[in-house]
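Could you walk me through this structure, stop by stop, telling me what to select and what I will find there? I have the viewer open and am ready to click.

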Amino acid sequence: MVKVYIENYGCARNKADGEMMAALLYLAGHELVDTPEEAEIAVVNSCAVKDPTERKISRRIKELLDSGKKVIVTGCLPHVNPDVIDERVSAVLGVKSIDRITQAVEYALRGEKLISVPDWRKRNLDKLDLPRLSPRGVHFIVPIAEGCLNACTYCATRLARGVLKSYAPEKVIEWVKWAIRQGYKEIWLSAEDTGCYGFDIGTNLAKLLDEITAIEGEFRIRVGMMNPNHVIKFLDELIDAYKDEKIYKFLHLPVQSGDNEILRRMGRTYTVEEFEEIVKAFRREFPDLNLHTDIIVGFPGETEEAFQRSVELIKRIKPDKVNVSRYSPRPGTIAAKWKQLPGWLVKERSRIMHRIRLQISYDINKRYIGRKLKVLIHGEGKKGNIDAVTMNYKHIILPQGEKGKFAEVKVKGATSTYLLGEIVN
């Protein structure tokens with residue numbers, strides 16, 4: 001038996017992978033610890049979606065090694081840029097090799113090195129067959145697929161996760177039912193792109209949601225990011241599925257650019273007009289829709305006019321939240337070979353977009369002041385007090401509340417990122 005610490009980076013999908021590895025280690029007799037100081041072996045479950053994240057993880061690996069820990073690196077980084085991984089690590093596992101984590105620990109204890117980073121075509125691992133060791137909380141992540149059907153010219157994640165592999169609906173349902181029996185109140189459906197779920201097995205996300213909402217119990221479903229080019233194929237059916245009260249009226253629909261030529265260069269295969277059509281259709285049915293979108297600024301070829309079209313789109317659509325990313329070239333991608341914009345210009349465009357998105361978010365959130373809303377209480381927040389979410393997944397900070405309970409609150413104040421309120425009787 002050895003003490004192992006797991007440090008997760010990146011998306012909810014990656015966090016679920018970390019919980020699977022934790023379960024395999026626990027079942028093998030190892031002890032999972034909460035801090036690296038307690039551990040003999042540290043597992044760094046990495047992300048490689050952005051260059052700054054990659055640099056942060058690379059530094060972290062070195063820190064852990066320098067402190068005397070044996071380190072195992074898993075996740076997307078081994079696929080995308082293995083050259084930044086310190087050669088002193090004991091093992092490197094790709095995203096399709098997480099079931100080999102106990103073997104990696106055995107190798108590390110013997111002073112041997114294990115490298116298992118197979119191409120996604122060569123290992124067809126069904127991760128819903130793996131056990132899970134999840135913290136006792138309010139929400140539980142259920143992966144519904146791995147990989148995607150897009151070929152974005154800037155994305156390195158697909159080099160790790162590969163082409164879409166949807167998990168069987170009956171396995172997804174089984175995990176949702178298990179989570180509800182354990183007392184979880186919020187189910188996160190996670191994938192690289194939930195919008196194309198089922199396209200490879202003759203079904204779709206709307207049908208899956210109908211099956212999940214038919215499960216008995218008081219719980220809520222948070223649907224992960226979905227790309228517009230897939231959503232538009234079954235838009236009416238998806239909106240109908242969203243009408244169930246068990247589904248948060250939350251939509252994460254990345255647009256990435258407000259310019260159709262830049263979208264074409266990105267390989268996004270939809271237009272700005274199609275994105276807007278989806279947003280308008282959802283808002284017609286759900287006036288309180290909490291819309292999140294993503295924008296990449298400084299993409300190769302983005303002229304001042306193209307950037308202004310992104311600005312105009314955000315001002316016109318008024319999303320509740322915009323995740324603004326400065327473009328950074330990723331190894332192995334097509335866009336990395338193109339002429340890059342100067343760093344100062346990318347930073348300036350990022351600052352402009354951030355100011356706009358914060359003002360829009362604040363203006364939207366102010367409209368909630370004075371309203372009474374149903375919430376699900378998550379528990380203690382990062383900044384103290386109690387964190388809860390509304391039924392359209394707005395975060396609201398309360399002075400008190402019981403974790404895992406539904407309650408009615410009155411909104412007393414607002415910031416650009418969350419609401420302030422108190423429980424009412």
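Here is a tour that goes from the annotated domains to strands, cysteines, salt bridges and a surface patch.

Before the first selection, note that this is a predicted model, in which local features need pLDDT of at least 70 and side-chain atom pairs count only at pLDDT 80 or more, while totals for chains, interfaces and linings use all residues. Residues are numbered from 1 along each chain as its sequence is written, and side-chain values use heavy atoms, with hydrogens and water left out.

**Stop 1: the annotated domains**

Select residues 2-110, which UniProt lists as "domain: MTTase N-terminal" in an unreviewed entry. UniProt positions are given in the numbering used here, with feature names shortened, and the annotations may be inferred rather than shown by experiment. Over residues 2-110 the chain is 42% helix and 21% strand, and the C-alpha atoms at the two ends are 12 Å apart. Helices (H or I, at least four residues) and strands (E, at least two) are DSSP runs, numbered from the N terminus.

Now select residues 134-363, where UniProt places "domain: Radical SAM core", again from an unreviewed entry. Over residues 134-363 the chain is 41% helix and 15% strand, with 37 Å between the end C-alpha atoms.

**Stop 2: strand 13 and its neighbours**

Select strand 13, residues 290-297. How many of its residues are buried? The count is 8 of 8, where buried means under 20% relative accessible area, exposed over 50%, and partly exposed in between (1.4 Å probe, protein chains only). In a regular strand the side chains alternate between the two faces of the sheet. Here Asn 290, His 292, Asp 294 and Ile 296 point one way, Leu 291, Thr 293, Ile 295 and Val 297 point the other way, and all are buried.

Add strand 12 (residues 250-252), which pairs with strand 13 in the parallel sense over 3 bridges; strands pair if DSSP finds at least two bridges between them. Leu 251 stands opposite Leu 291 in strand 13. Then add strand 14 (residues 321-326), which is parallel to strand 13 and joined to it by 6 bridges. His 292 has Lys 321 of strand 14 as its bridge partner.

**Stop 3: strand 15 and its partners**

Move to strand 15, residues 372-380, which pairs with strand 18 (residues 406-414) in the antiparallel sense over 5 bridges. Look for Lys 372 and its bridge partner in strand 18, Lys 410. Strand 16 (residues 386-390) also runs antiparallel to strand 15, joined by 5 bridges. There, Gly 379 has Asp 387 as its bridge partner.

**Stop 4: a loop and the cysteines**

Select Ala 151, in the loop between strand 8 (145-146) and helix 5 (157-161). Ala 151 is partly exposed, at 46% relative accessible area. Show Gly 267 as well: the two are 116 residues apart in sequence, yet 6.2 Å apart in space, C-alpha to C-alpha.

How many disulfides are there? The count is 0, taking a disulfide as a pair of cysteine sulfur atoms within 2.5 Å. For Cys 155, the nearest cysteine sulfur is that of Cys 152, 6.0 Å away. Why is Cys 196 not bonded to Cys 148? Their sulfurs are 6.4 Å apart, too far for a bond, although Cys 148 holds the closest cysteine sulfur to Cys 196. Cys 196 is buried, at 0% relative accessibility.

**Stop 5: salt bridges**

The structure holds 33 salt bridges, each a side-chain nitrogen of Lys or Arg within 4 Å of a carboxyl oxygen of Asp or Glu. Select Arg 110 and Glu 112, whose closest N and O atoms are 3.0 Å apart. Glu 112 is partly exposed, at 37%.

Next, go to helix 13 (residues 343-366), where Glu 348 and Arg 351 are 3 residues apart, so about one helical turn separates them. Their side chains meet in a salt bridge of 3.1 Å, N to O. Glu 348 is partly exposed at 30%, and Arg 351 is partly exposed at 41%.

In helix 13, Asp 363 and Lys 366 also lie 3 residues apart, about one turn. Salt bridges that share partners join Arg 13, Asp 17, Lys 96, Lys 127, Glu 146, Arg 161 and Glu 192 into one network.

**Stop 6: a surface patch**

Finish with Tyr 26, Leu 27 and Leu 133, which make a nonpolar surface patch of about 330 Å². Patches are made of residues with over 30% relative accessible area and no salt bridge, with like charges joined within 9 Å and nonpolar side chains (Val, Leu, Ile, Met, Phe, Trp, Tyr) within 5 Å. Accessible areas come from the Shrake-Rupley method with a 1.4 Å probe, and for residues only the protein chains shown count as cover. Leu 27 lies in helix 1 (residues 12-27) and is exposed, at 62% relative accessibility.
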